[in-house]
Amino acid sequence: MLQEIRAALMLTRMILLVLKSGYNSADYILQDMEAVMEIAGFQRLMRKIYFEKDNERGREGTFVWLTEEVGELAKAVRLNDRVGMETEFADVMAWLSSLANLCEIDLEAAVFSKYAQGCPKCLASPCACLEQT
Ligand SMILES: [Zn+2]
């Protein structure tokens, strides 16, 4: 029963996201939904664990923490420190989600609406833009 309710909620959520993004290919949506569904779950988890502390710290303080974690990620990448990279990617995701919670931004909806159709500029996947990397 609980699983059916969850499936119905997921379907409703998917339809809302599709309507919001102006999507027209059902297969493509289903293929991409699994990936974006987990973003909302992670953001909810961060809210459950940290929202009270995040709210006390505020947006500016939380943003500072996010930038510190990005710096630590930069160091781990530069050193090719595998364990460090896993830790710092996780921390960056956590602080990014905390900041999104404080700013009342739904990360999943934001990511879906911007990237689910492919590159936001050329709409292709993989990107076919001619800009230099
Ligand atoms: Zn492109």
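Start with the whole chain in cartoon view: four helices and zero strands are present. Followed along the sequence, the order is α-α-α-α. This is a predicted model, so colour it by pLDDT before going further; the average over the chain is 86, and 71% of the residues score at least 70. Buried residues account for 14% of the 133 residues. Of the contacts between residues at least 6 apart in sequence, 62% join residues at least 24 apart.

**Stop 1: helix 1**

Select residues 2–21. This is helix 1, which has the lowest mean pLDDT among the elements of the chain, 65. Where pLDDT is low, the predicted coordinates should not be read in detail.

**Stop 2: helix 3**

Move to residues 82–102, helix 3, where the mean pLDDT is the highest among the elements, 98. Put a distance label between the first and last C-alpha of helix 3: its 21 residues reach 30 Å, close to the 30 Å expected at 1.5 Å a residue.

Now show side chains. Which residues of helix 3 are buried? They are Glu-88, Trp-95, Leu-96, Ser-97, Ser-98, Leu-99, Asn-101 and Leu-102. When looking down the axis, keep in mind that an α-helix has 3.6 residues a turn, so residues three or four places apart point the same way.

Step just past the end of helix 3 to Glu-104, which takes a positive phi of about 55 degrees.

**Stop 3: Lys-53 on helix 2**

Select residues 26–78 for helix 2, then pick Lys-53 within this helix. Is Lys-53 buried or exposed? Lys-53 counts as exposed because it has 10 C-beta neighbours inside 10 Å, and the cut-off for exposed is 12 or fewer.

Keep Lys-53 selected and add Ser-98, one of the buried residues of helix 3. The two residues are 45 apart along the chain, and their C-alpha atoms are separated by 9.7 Å.

**Stop 4: Cys-119**

Helix 4 covers 107–115, and Cys-119 is found in the segment after it. Cys-119 is partly exposed, because 14 other C-beta atoms lie within 10 Å, a count between the limits of 12 or fewer for exposed and 20 or more for buried.

What does Cys-119 contact, leaving aside its neighbours within four places in sequence? Select Ala-124, Ser-125, Cys-127 and Cys-129 to see these partners. To finish, draw a C-alpha to C-alpha distance from Cys-119 to Cys-129: the two are ten residues apart in sequence and 8.4 Å apart in space.

Key
Residues are numbered from 1 along each chain as its sequence is written. This is a predicted model: local features need pLDDT of at least 70, side-chain atom pairs count only at pLDDT 80 or more; totals for chains, interfaces and linings use all residues. Helices (H or I, at least four residues) and strands (E, at least two) are DSSP runs, numbered from the N terminus. Two residues are in contact if their C-beta atoms, placed from the backbone, lie within 7 Å. pLDDT is the predictor's confidence in each residue, from 0 to 100. The expected span of a helix is 1.5 Å times one less than its number of residues.
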